[in-house]
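I am opening my notebook to look through one structure, entry by entry, and to write down what I find as I go.

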Amino acid sequence: MAGKRLILMGPPGGGKGTQAKRLQDRYGIVQLSTGDMLRAAVKAGTALGQEANAVMDAGKLVSDDLIIAMINERVDLEDCKNGFILDGFPRTVRQAEALDKMLKEKGIKLDSAIEVAVPDARLIERIIGRFTCAKCGEGYHDKFKQPKKAGVCDMCGGTEFTRRADDNAETVGARLKAYHDQTAPLMPYYQGRGLLKVIDGDRDMDVVTADLESILGT
Ligand code: ADP
Ligand code: ADP
Ligand code: ZN
């Protein structure tokens, strides 16, 4: 059986969150999204949230040390025992090195690092159309994934939806630049460790999910 401790990498709006949620439900492993954790901290007004807020709005990366500390605590929680999907972390080589060190100390082995590859030209449309159920967090898209009944969440029946403050045309450019400059070097990093798998994320969501399931196995 293939292992279930994985990293999901890919550009902003590439479909990491969408796929991570599906894998979470399918395999009983937990999605660890640093972006979601940071947005929760911003909403709660914690010290971390206050520090991260402006950086996120500018489309830049939050400091490695803050992120590493956040993940370090999170993977110790009970729900990670069956496995986890790191969604949006690591995002720099320094974070990847810190992750290696931290997992080694905890005696945990990483099974794969999967890149969901999507060309830049697609991402703006994906990001601008994104919205989320305020109650359960299910993700939607104005064009590619509308609720079956307009204004009502398929999953929980909720009727309130939110859009991210950083999902606007101005910030997208900075986020893509951060991705190419700081995160893309992770692909050779994991390739060199024999962990990298690349899948084409520029296809229908269900087809992408099927590819991921074939990597993960039963
Ligand atoms: P996306 O949908 O663009 O992949 P995320 O929700 O993963 O976005 O991240 C949103 C923002 O949160 C990023 O632009 C960045 O400011 C911050 N962030 C999330 N994860 C990290 C990380 N691992 N390192 C640094 N900053 C991060
Ligand atoms: P990420 O977590 O990588 O930032 P999301 O999973 O939030 O990306 O996806 C960004 C937006 O694109 C969402 O509105 C989602 O519904 C939509 N989306 C995700 N995967 C696909 C796909 N394969 N085809 C079309 N739209 C997609
Ligand atoms: Zn919902």
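On which side, or sides, is strand 2 (residues 30-33) covered? Before answering, I note that I am working with a predicted model. I looked up the residues on each face of strand 2 and found that Val30 and Leu32 on one side are buried, as are Gln31 and Ser33 on the other, and I wrote down that both faces are covered.

Next I looked for a partner of this strand. I found that strand 2 is joined by 4 bridges to strand 3 (residues 84-87), and that these two strands run parallel. As one example from this pair, I noted that Gln31 has Ile85 in strand 3 as its bridge partner; Gln31 is also one of the buried residues I had listed for strand 2.

I then turned to another sheet. Here 3 strands form an open sheet in the order 6-5-7, with antiparallel pairing. At its edges I found strand 6 (139-141) and strand 7 (161-162), each of which pairs on one side only. Between strand 5 (residues 130-133) and strand 7 I recorded 2 bridges, the two strands running antiparallel, and I saw that Thr132 stands opposite Thr162 in strand 7.

My next entry concerns ligand 1. Which residues come nearest to it? There are 19 residues around ligand 1, and the nearest of them are Lys16, Thr34, Lys60, Gln95 and Arg175. When I sorted the residues of this shell by character, I got 7 nonpolar, 4 polar and 8 charged. I also checked which element gives the most to the shell, and it is helix 2 (residues 34-44), with 4 residues.

I went on to individual atoms around the ligand. A polar backbone atom of Gly88 is 2.9 Å from a nitrogen atom of ligand 1, while a polar side-chain atom of Arg91 lies 3.0 Å from an oxygen atom of the ligand. For Gln95, I noted a polar side-chain atom 2.9 Å from a nitrogen atom of ligand 1. On its own, ligand 1 has 550 Å² of accessible area, and I recorded that the protein covers 97% of this.

Finally, I looked up the cysteines. How many disulfides does the structure hold? I found 0. I reminded myself that a disulfide is a covalent bond between the sulfur atoms of two cysteines. Cys136 has a relative accessible area of 37%, so I entered this residue as partly exposed, and Cys156, at 26% relative accessibility, also counts as partly exposed.

Terms used:
Residues numbered from 1 in each chain as written. Chains lettered and ligands numbered in written order. Predicted model: local features only at pLDDT ≥ 70, side-chain atom pairs only at ≥ 80, totals over all residues. Heavy atoms only, no water. Near = heavy atom within 4 Å. Polar contact = N/O pair within 3.5 Å; in protein donor to acceptor, adjacent residues only side chain to side chain. Areas by Shrake-Rupley, 256 points an atom, 1.4 Å probe, with all protein chains shown as cover. Nonpolar A, V, L, I, M, F, W, Y, C, P; charged D, E, K, R; others polar. Disulfide = S-S within 2.5 Å. Buried < 20%, exposed > 50% of the residue type's maximum accessible area, 1.4 Å probe, protein only. Pairing = 2+ DSSP bridges.
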